[in-house]
2 protein chains.
Amino acid sequence: MKVKPSKTSVRTLDDLAALLGVSRATVSNAFNRPDQLSAKLREQILRAAREAGYAGPDPTARALSRGERGAVGAVFTEQLSYAFSDPAAVLILEGLARACEEAETGLLLVPVAADTDGNAGRVINGAAVDALALYSLPDDDPAVAAALSRGVTTVMIDQPLLPGVPYVSHDHRAAARIALEHLLELSHRRVGVLGYRLTPQRHRGELPRAFQRAAVYRHTRARLKGYEDALRAHKRDWKTLRFFESASNDPAGGATSALELLELPDRPTAILTDSDQLAIGVLAAARDLGIRVPEELSVIGMDDVPVASVVTPSLTTIHQPLVKKGEAAGKILLGQQGRRRHIVFPVELVLRDSTAPAKRRRR
Amino acid sequence: MKVKPSKTSVRTLDDLAALLGVSRATVSNAFNRPDQLSAKLREQILRAAREAGYAGPDPTARALSRGERGAVGAVFTEQLSYAFSDPAAVLILEGLARACEEAETGLLLVPVAADTDGNAGRVINGAAVDALALYSLPDDDPAVAAALSRGVTTVMIDQPLLPGVPYVSHDHRAAARIALEHLLELSHRRVGVLGYRLTPQRHRGELPRAFQRAAVYRHTRARLKGYEDALRAHKRDWKTLRFFESASNDPAGGATSALELLELPDRPTAILTDSDQLAIGVLAAARDLGIRVPEELSVIGMDDVPVASVVTPSLTTIHQPLVKKGEAAGKILLGQQGRRRHIVFPVELVLRDSTAPAKRRRR
DNA sequence: CTGAAAGCGCTTACAG
DNA sequence: CTGAAAGCGCTTACAG
């Protein structure tokens with residue numbers, strides 16, 4: 001009479017092998033390499049596993065012995081949980097997830113916390129992943145150094161752009177140019193530019209003109225080039241533009257900066273922002289101030305996240321393919337992009353209701 | 001003359017130990033248990049590690065030997081990447097991320113794919129995690145069985161509710177009652193109820209009255225109880241309500257169902273939905289049909305996701321604390337909730353612009 | 001087709 | 001405070 005094994009006694013591959021009287025390699029082969037044993041034996045082993053409550057080889061042990069973790073990691077700006085309140089980050093994640101699910105590879109969100117006690121380096125080194133995607137991090141973020149020194153494949157999304165490091169982004173210069181050209185074509189001659197992290201010092205409010213010469217972030221420089229392209233094409237000069245820096249990349253930060261900007265003596269007739277989130281804040285500020293958009297103020301966003309089409313007025317913005325960017329980054333991490341290590345997507349203007357021709361100057 | 005070790009020669013703890021002439025245990029202690037060796041030696045080891053480009057103990061090897069994976073997993077309805085287009089799921093994720101980052105634990109998104117070839121079971125068994133959160137899965141989803149049989153701590157969010165399994169949700173019965181009471185108080189006497197996954201058969205369109213008696217999903221039953229509470233309180237009967245099932249839980253699905261619903265001969269004056277996503281679809285359908293909301297049609301959502309306050313008209317809805325739910329689930333997984341294994345949050349009505357008194361019946 | 005053996009890179013009592 | 005040894009649960013040539 002066979003003793004029915006208690007469910008809990010089979011925790012490992014070894015247990016199962018012992019139970020069946022075969023070697024552990026055979027059990028492993030039953031799970032991993034069907035061609036290494038007879039179909040009947042395999043079926044028998046798999047059935048016994050099911051009956052004994054053995055769910056299959058331990059993923060961690062397998063990862064160690066195979067040298068593959070079966071997961072890629074994602075590191076975001078700021079704190080991990082902030083990523084979910086930034087619609088652009090959510091779309092990047094969706095793209096990463098798409099690539100991962102197709103490859104049956106896990107997507108590990110690396111638990112970077114708010115307190116800057118070096119948590120980033122620790123958690124990045126502690127992440128059991130084969131590769132790492134970093135989204136929109138400042139050049140000098142400790143997470144960047146940590147990821148690079150870990151020696152796993154790393155891809156940067158949007159920022160920073162570093163020599164030799166795989167990179168996915170969109171055409172920031174064209175995005176800036178197209179946005180400004182749209183406003184110039186609408187005859188706007190006083191344009192406020194509202195950005196985030198334009199300077200390492202993190203100003204809040206208007207930036208001194210000199211900031212342009214000192215711009216250290218590559219994207220900021222690319223955008224300045226784009227503005228320059230637009231200004232030149234329309235025979236305008238830099239005095240057309242005034243730059244402002246928001247304290248945070250969200251509607252609240254955008255609203256705060258916009259309130260300041262809209263109280264200027266010679267206030268802009270149009271505001272160009274670095275993200276739809278900021279632009280939504282501008283919309284809110286204008287509403288609070290009783291300034292009608294687009295009649296009295298044009299607002300143009302950046303990114304074209306879903307909420308941009310749903311706010312009132314709907315936001316004219318520059319579309320960039322965020323999901324595709326995430327997906328491309330994922331494919332690089334998964335080794336599916338061949339030799340392409342630098343991918344830059346084009347952008348396009350999306351006309352909606354938040355921009356209109358500048359009103360003739362009253363005086 | 002000392003030979004400077006090439007950076008790449010130190011890949012493991014053993015390498016570093018050999019380089020320094022100490023035992024591997026000592027190096028391990030330098031990283032993990034400062035009290036086990038002198039501060040100077042520790043500093044010396046850590047410095048050598050830095051110089052040699054050793055990023056610290058391999059996370060996978062550590063996980064195996066410690067018996068802790070340092071990560072919890074999340075499994076969503078449908079395909080992983082769909083989760084990011086459902087604002088409710090994103091907020092749940094934000095809550096999970098909050099709990100994880102605080103505990104410096106990774107959050108692994110389990111790569112469940114669209115094709116139903118048993119991928120769910122495989123990827124769940126292959127996820128290197130200490131615990132698993134499952135969000136809004138049908139009782140009979142294969143992922144549920146796989147998670148439970150794996151033997152790691154599992155928490156269900158919203159669905160399913162299973163005996164003995166930790167569970168986080170909100171008060172579905174009260175949510176249904178409050179929503180319907182609001183409409184009844186506004187004198188609506190013909191109410192369309194638009195849900196998702198009300199039945200295992202996944203109808204599309206109007207449900208036969210009999211469905212109520214056969215409702216198998218616990219939440220559906222809870223909501224039916226809630227409607228009953230409201231009807232009784234207002235001395236109305238079930239004929240007040242007509243039930244419809246959407247093919248998908250998104251604006252497109254909601255719009256499709258709403259178009260059908262709004263062409264009914266005796267069309268409802270109000271629509272109550274199971275999610276804000278569905279309600280947004282109803283808003284779009286009403287707009288297409290030239291039906292004014294709330295003047296000619298009241299619409300009430302469910303969840304109170306961020307976009308609900310931003311659409312036009314802004315959505316009256318039932319607020320449930322999605323981030324808190326995610327966070328509570330995370331804390332259960334991380335063993336931080338003590339003995340609380342079942343958490344049900346209260347809900348509340350959020351009045352906005354999509355509901356108004358029913359117009360007096362014209363005839 | 002099967003099994004004994006080495007190895008994946010660590011941690012942790014435990015003896016000194 | 002330090003180090004030799006066992007063990008975490010697997011996979012993978014390799015010899016039969």
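Me: By what turn can chain A be laid on chain B, and what relation is that?
Reply: In this predicted model, chain A can be laid on chain B with an RMSD of 0.0 Å. The operation combines a shift of 0.0 Å along the axis with a turn of 180 degrees. That is the relation of a two-fold axis.

Me: Which residue of chain A comes closest to the rotation axis?
Reply: Two copies of a chain are related by a rotation about an axis and a shift along it. The C-alpha atom is the reference for the distance to this axis, and the closest residue of chain A lies at 2.1 Å. That residue is Leu108(A).

Me: Which residue of E2(B) stands opposite Leu108(A)?
Reply: Strand E2 (106–109) of chain A pairs with strand E2 (residues 106–109) of chain B. The pairing is antiparallel and spans three bridges. Opposite Leu108(A) in E2(B) stands Leu108(B).

Me: Which element supplies the largest share of the side of chain A that touches chain B?
Reply: In the contact between the chains, 47 residues of chain A meet 47 residues of chain B. On the side of chain A, at least two residues each come from H4, helix H5 (87–103), strand E2 (106–109), helix H6 (119–125) and helix H7 (142–150). The largest share is eight residues, and the element that supplies them is H5(A).

Me: How many residues of the side of chain A that touches chain B are nonpolar?
Reply: In chain A, 47 residues are in contact with chain B. Of the residues on this side, 15 are polar and seven are charged. The nonpolar ones number 25.

Me: Why can it be said that the copies meet through the same surface?
Reply: The argument rests on the interface residues of chain A and whether they are also interface residues in chain B. The copies meet through the same surface because the share of the interface residues of chain A that are also interface residues in chain B is 100%.

Me: Which element gives the largest share of the surface near DNA strand C?
Reply: There are 27 residues around DNA strand C, and those that come nearest are Ser23(A), Leu37(A), Leu13(B), Ser28(B) and Ala61(B). At least two residues each are supplied by helix H2 (24–32) and helix H4 (59–66) of chain A, and by helix H1 (13–20), helix H2 (24–32) and helix H4 (59–66) of chain B. The surface divides into eleven nonpolar, ten polar and six charged residues. Its largest share, six residues, comes from H2(B).

Me: Which element gives the largest share of the surface near DNA strand D?
Reply: DNA strand D is surrounded by 28 residues, of which Leu13(A), Ser28(A), Ser65(A), Ser23(B) and Leu37(B) are the closest. Two or more residues each come from helix H1 (13–20), H2 and H4 of chain A and from H2 and H4 of chain B. By class, eleven residues are nonpolar, ten polar and seven charged. The largest share, six residues, comes from H2(A).

Me: Which strands stand at the edges of the five-stranded open sheet of chain B?
Reply: The order of this sheet is E7-E8-E6-E9-E10, with mixed pairing. An edge strand has a single partner strand, so one side of it is left without a neighbour in the sheet. The strands in this position are E7 (205–206) and E10 (298–300) of chain B.

Me: Which residue of E8(B) stands opposite Val193(B)?
Reply: Strand E6 (residues 191–196) of chain B runs parallel to strand E8 (residues 241–246) of chain B. Six bridges join these two strands. Opposite Val193(B) stands Phe243(B).

Me: In E10(A), which residue is the bridge partner of Ile271(A)?
Reply: Strand E9 (residues 270–273) of chain A is covered on both faces, with Ala270(A) and Leu272(A) buried on one side and Ile271(A) and Thr273(A) buried on the other. E9(A) pairs in the parallel sense with strand E6 (residues 191–196) of chain A over four bridges. Three bridges join E9(A) to strand E10 (residues 298–300) of chain A, also in parallel. The partner of Ile271(A) in E10(A) is Val299(A).

Me: In E4(B), which residue is the bridge partner of Ala133(B)?
Reply: Four of the five residues of strand E4 (residues 153–157) of chain B are buried, so this strand is largely enclosed by the rest of the structure. Five bridges join E4(B) to strand E3 (residues 131–135) of chain B, and the two run parallel. The partner of Ala133(B) is Val155(B).

Technical notes:
Residues numbered from 1 in each chain as written. Chains lettered and ligands numbered in written order. Predicted model: local features only at pLDDT ≥ 70, side-chain atom pairs only at ≥ 80, totals over all residues. Near = placed C-beta within 6 Å. Nonpolar A, V, L, I, M, F, W, Y, C, P; charged D, E, K, R; others polar. Least-squares fit on C-alpha atoms with pLDDT ≥ 70 in both. Contact = placed C-beta atoms within 7 Å. Pairing = 2+ DSSP bridges. Buried ≥ 20, exposed ≤ 12 C-beta atoms within 10 Å, placed from the backbone.
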